[in-house]
Amino acid sequence: MFSYSQNDFYCEHVALADLAHQVGTPAYVYSATAILDNYRAYATAFGDLPHTVCYAVKANSSLGVLSLLAKAGAGFDIVSGGELFRVLRAGGDPGKVVFSGVGKTRDEVDYALRSGIHSFNCESEAELALIDALAARLGAKVGFSIRVNPDVDAVTHPYISTGLSQHKFGIAIADAEAVYQRSRQYRSLAAEGVSCHIGSQILDPSPLIEALDKVLALAARLREQGHPIRHLDLGGGLGVAYHEGEKAPDIAAYVECLRSRVRESGLAVMVEPGRSIVGPAGVLLTRVLYRKRNGAKEFIVVDAAMNDLIRPSLYRAHHEIVPLRRTPLPPVKADVVGPVCETGDFLARDREMPNAMPGDYLAVRTAGAYGFVLSSNYNSRPRAPEVLVEGDTWRVIREREVYEDLIRGESL
Ligand code: LLP
């Protein structure tokens, strides 16, 4: 959905230099078609196997994006009351919402129960007890899955690997049967599923399949013991291509692999993809402010910073950076840095870059997931706007913040 026509970089049929000129920079831009194509790649590949694709809201929680997915029939994976609020505001169906996370508060659980969500992915026995008590008060009965920790190495960045026994997530798979057994005491809970999520940005899906096989075997044992297990929730995690020429796993092939393994069991499948739906569907537009050289180093100073996109600083993540208008100048080896007062504020380091001059626009690619959502007001920088492109039209789905927004709720 992002490509050059002549020398101009387009999102669908919109020339991004024109859009940047009108909306200003920095700005996030998403392709509605790309988001829907990625969502449908999951939904279609499941075919007649009962399934729900619960988009992981944390990857990009803008109302405009959520509403697009809600209309397409998506479910949602939430990790906070705030995410539930957004999903409901965007028109999402609470009956297709699963609530994940290791630290759900009493208020959040209560809000989710009152909203009639589908189920909870529980991470401790204390959490089960809390949900049961609050559900009993409402006279409700709610489904739950234990999020098991399958002790499988996701082979990804250590900060986003979650499925090893040393991590805070889930309940050790070896202890899970005993926990399901003890959960029989809870009259307002029904053990309807088993869930797991082993990490994010996984480029080789074999650990995901290894985790699936473990969870499938557990579900079979639980059913033999009389637990009414109906679904498996396999979490998210499928990676995307951040480097030019890199190959990301194919969504349909991955789902086909899940399908063939689960089909015999009669279980329904849920997945919680975030990055693979929105990541490649977004770019961050920025403008060159200055060029400077310090000793041997060349710097391209742009108007987007680590407060807008923290992934390079936080995870040393790579994002391709391309010009919105190709120049005939030869490329230059440079750091692309923002205005924030930290050496850690960079978007690229020692990289062959388009020889962009002050006033030129650049696009930081594959920024649709964990981009805007992780942005902040550090250095009192108003947060960037978000724009949704559909065909040859676009609209601002979140306005650029203004200085007044920076001090909202504060007092002297
Ligand atoms: N389900 C659960 C329970 C999760 O914790 C996550 C992501 C997902 C689903 C979605 O995973 P995905 O399909 O997006 O890989 N900020 C980091 C990524 C953190 C991921 C946290 N959990 C980054 O920018 O790389």
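**Notes on a predicted two-domain model**

1. The domain assignment of this chain gives domain 1, made of residues 2-29 + 280-406, and domain 2, made of residues 101-271. The model is a predicted one, and the points below should be read with that in mind. Taken over C-alpha atoms, the centres of domain 1 and domain 2 are separated by 36 Å, and the contact between these domains involves nine residues of domain 1 and nine residues of domain 2.

2. Where does the largest pocket lie with respect to domain 1 and domain 2? Because domain 1 and domain 2 both give residues to its lining, the largest pocket lies between them. About 730 Å³ of space lies in this pocket, and its lining is made up of 37 residues, of which K58, T162, F169, H197 and Y370 lie nearest the centre. The elements that give two or more residues to this lining are α10, residues 275-278, and α11. Sorted by class, the lining of the largest pocket holds 13 nonpolar, 14 polar and 10 charged residues.

3. The second largest pocket has a volume of about 520 Å³, and 23 residues line this pocket, with V240, A241, A248, P280 and T366 the closest to its centre. Both domain 1 and domain 2 contribute to the lining of the second largest pocket, so this pocket, too, lies between them. Helix α2, residues 32-46, gives the most to the lining, with three residues. By class, the residues of this lining divide into 11 nonpolar, six polar and six charged.

4. T366, which is among the residues closest to the centre of the second largest pocket, deserves a further look for its backbone. Most residues other than glycine have a negative phi, whereas phi of T366 is near 55°, a positive value. The residue is placed in the loop between β19, residues 361-364, and β20, residues 386-390. Is T366 buried or exposed? T366 counts as buried, because its relative accessibility is 10% and the limit for buried is under 20%.

5. D151 also has a positive phi, near 55°, in a residue other than glycine. This residue lies in the loop between β9 and β10, and at 42% relative accessibility D151 counts as partly exposed, because that value falls between the 20% and 50% limits.

6. G163 is found in the loop between β9, residues 142-149, and β10, residues 171-172. With a relative accessible area of 0%, G163 is buried. If its neighbours within four places in sequence are left aside, G163 is in contact with N149, P150, D151, V152, H197 and I198; one of these, H197, is among the residues nearest the centre of the largest pocket.

7. Another buried loop residue is N307, which is found between β15, residues 297-302, and α11, residues 311-315, and which has a relative accessibility of 1%. Which residue does the side chain of N307 meet in a polar contact? The partner is the side chain of R381, at 2.6 Å. Leaving aside neighbours within four places in sequence, the contacts of N307 are with V340, L374, S375, S376, Y378 and R381.

8. The peptide bond that joins T25 and P26 is cis, with omega at about -5°. As a general matter, most peptide bonds are trans. P26 is found in the loop between α1, residues 16-23, and β4, residues 27-31.

9. Besides the pockets, the structure holds two cavities of 30 Å³ or more. The largest cavity has a volume of about 40 Å³ and is lined by C196, H197, I198, L208, A211, L212, L234, Y254 and L258. Helices α8, residues 206-224, and α9, residues 251-262, each supply at least two residues of this lining, and α8 gives the most, with three residues. The lining of the largest cavity divides into eight nonpolar residues, one polar residue and no charged residue.

10. The second largest cavity has a volume of about 30 Å³, and its lining consists of Y42, L208, G235, G236, G237, L238, Y254, V271, E272 and P273. By class, these divide into six nonpolar, three polar and one charged. L208 and Y254 appear in this lining and also in that of the largest cavity.

Definitions and conventions. Residues are numbered from 1 along each chain as its sequence is written. This is a predicted model: local features need pLDDT of at least 70, side-chain atom pairs count only at pLDDT 80 or more; totals for chains, interfaces and linings use all residues. Side-chain values use heavy atoms; hydrogens and water are left out. Helices (H or I, at least four residues) and strands (E, at least two) are DSSP runs, numbered from the N terminus. Buried means under 20% relative accessible area, exposed over 50%, partly exposed in between (1.4 Å probe, protein chains only). Contact means heavy atoms within 4.5 Å. A polar contact is a pair of N or O atoms within 3.5 Å; within protein, one must be able to donate a hydrogen and the other to accept it, and residues adjacent in sequence count only if both atoms are side-chain atoms. On a 1 Å grid over the protein atoms alone, a cavity is a set of points where a 1.4 Å probe fits but cannot get out, and a pocket is an open set with protein on both sides within 12 Å along at least five of seven lines; lining residues have an atom within 4 Å of a point. Grid points are joined across faces, edges and corners, and a volume is the space filled by probe spheres set on the points. Ala, Val, Leu, Ile, Met, Phe, Trp, Tyr, Cys and Pro count as nonpolar, Asp, Glu, Lys and Arg as charged, and the others, Gly among them, as polar. Domain bounds come from an automatic or database domain assignment.
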